[in-house]
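I opened my notebook to look up a few local features of this structure. The entries follow in the order I took them up.

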Amino acid sequence: MLNAVGRHCPSLAVSVALLLTVAPSTALSAATSYPLTLKNCGQEVTFKAAPTRTASIGQSTTEILYLLGLADKVVGTAVWIGPVIDGYEDVNSKVPRLADNDPSFESVVATKPDLVTAQFQWHVGPEGIVATPKQFAELSIPVYVSPADCAAKDNSAGGDGVRHNAFSMDLIYQEITELAEIFDVQDRGEALVAKLKVREEAARSKIASADGKLSAVFWFSSAEMDIDPYVAGTNGAPGYILSALGIKNVVSTEEEWPTIGWETIAKADPKIVVIGKMDRRRFPADDWELKMKFLKADPVTSLMPAVKADHIVVMDAQAMNPTIRTIEGIEVLADAVEKAGLAK
């Protein structure tokens with residue numbers, strides 16, 4: 001196995017905490033002028049003042065709020081794929097968890113929020129399973145949805161949606177910047193974005209010589225172990241990770257997480273197989289160890305050169321979604337490629 005990562009790289013939490021600690025007290029950016037109106041996922045949302053009670057539905061957005069030093073403004077969280085970023089365990093333990101997966105509308109409203117954030121429109125959107133923005137608006141509760149889940153992406157059919165334009169970390173940087181503006185902590189947002197950009201550039205440079213020489217497939221999970229897996233399409237976070245490192249995705253569809261047969265994948269002959277690791281157990285294949293056993297035992301996958309050579313990378317599933325941890329995904333894959341000598 002090339003490399004295995006079960007938790008978030010501690011450097012993000014530690015480095016950002018340091019940046020926030022040593023930041024000068026003099027503001028580098030203009031203070032937010034309220035009322036503030038932003039266009040978010042096709043709707044205008046207005047804030048009369050900095051929110052003090054936020055219900056956060058989605059791990060990535062919750063972690064962004066923590067990294068911006070806003071944990072004391074979070075009154076409830078939901079939709080967790082894995083452990084919180086290293087260094088924030090104590091902080092997170094003090095924030096009520098409304099649900100590990102999908103919270104009810106009633107449980108969110110019960111926190112008396114003056115802001116609801118959502119990582120996915122699947123939860124809060126036109127067809128949201130928790131609620132629609134209109135339902136919250138009727139209670140005078142503004143909603144902010146991660147731009148990464150709605151920019152050039154069609155979620156009208158439900159599920160994971162179809163992304164017509166390739167995801168870029170710029171969408172996460174936009175989320176960080178806008179949340180920082182909403183809460184009037186712009187300097188913290190700028191520090192966080194700057195640190196992430198430095199980390200991304202360092203990872204890109206590590207295996208620059210591999211450009212165009214390698215291919216890969218990202219396996220997130222499977223509804224059952226013996227049926228077609230959910231693998232990454234071209235335009236999601238894995239596509240961005242691969243593009244950043246000059247590695248080809250053997251799956252060419254614009255669907256976020258299409259199901260593709262292992263025979264088709266094997267014929268495409270990916271040089272690397274990346275498998276997702278998560279705490280979630282909605283499907284059997286959420287367990288990365290079961291994925292590993294399957295790859296080595298199945299009559300088709302066991303004959304794949306990448307599997308025979310043990311060119312299998314275990315990656316935190318959060319890095320495989322359009323999240324703040326996508327940078328970690330670039331780092332993990334770059335490190336694995338370098339250590340295996342595949343960049344030569």
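I began with empty space and searched the whole structure, which gave 1 cavity of 30 Å³ or more. The model is a predicted one. I noted a volume of about 30 Å³ for the largest cavity.

Which residues line the largest cavity? I listed Q119, F120, A148, D149, R163 and P322. I then sorted this lining by residue type and got 3 nonpolar, 1 polar and 2 charged residues.

Next I turned to the backbone. I kept in mind that most peptide bonds are trans and that most residues other than glycine have a negative phi.

Where does a cis peptide bond occur? I found one from Y34 to P35, with omega near 5°. I placed P35 in the loop between α1 (10-22) and β2 (36-40).

I looked up K112 and read a positive phi of about 55°, although K112 is not a glycine. K112 sits in the loop between α4 (105-109) and β7 (115-118). Is K112 buried or exposed? I entered K112 as exposed, because its relative accessibility is 66% and the cut-off for exposed is over 50%.

I also looked up D269, another residue that is not a glycine, and found its phi positive, near 50°. I located D269 in the loop between α9 (262-268) and β14 (272-277). For D269 I wrote down a relative accessible area of 25%. I entered D269 as partly exposed, because buried means under 20% and exposed means over 50%.

Technical notes: Residues numbered from 1 in each chain as written. Predicted model: local features only at pLDDT ≥ 70, side-chain atom pairs only at ≥ 80, totals over all residues. Heavy atoms only, no water. Helix = DSSP H or I, 4+ residues; strand = E, 2+ residues; numbered from the N terminus. Buried < 20%, exposed > 50% of the residue type's maximum accessible area, 1.4 Å probe, protein only. 1 Å grid on protein atoms, 1.4 Å probe; cavity = no way out; pocket = protein on both sides within 12 Å on 5 of 7 lines; lining within 4 Å. Points joined across faces, edges and corners; volume = space filled by probe spheres on them. Nonpolar A, V, L, I, M, F, W, Y, C, P; charged D, E, K, R; others polar.
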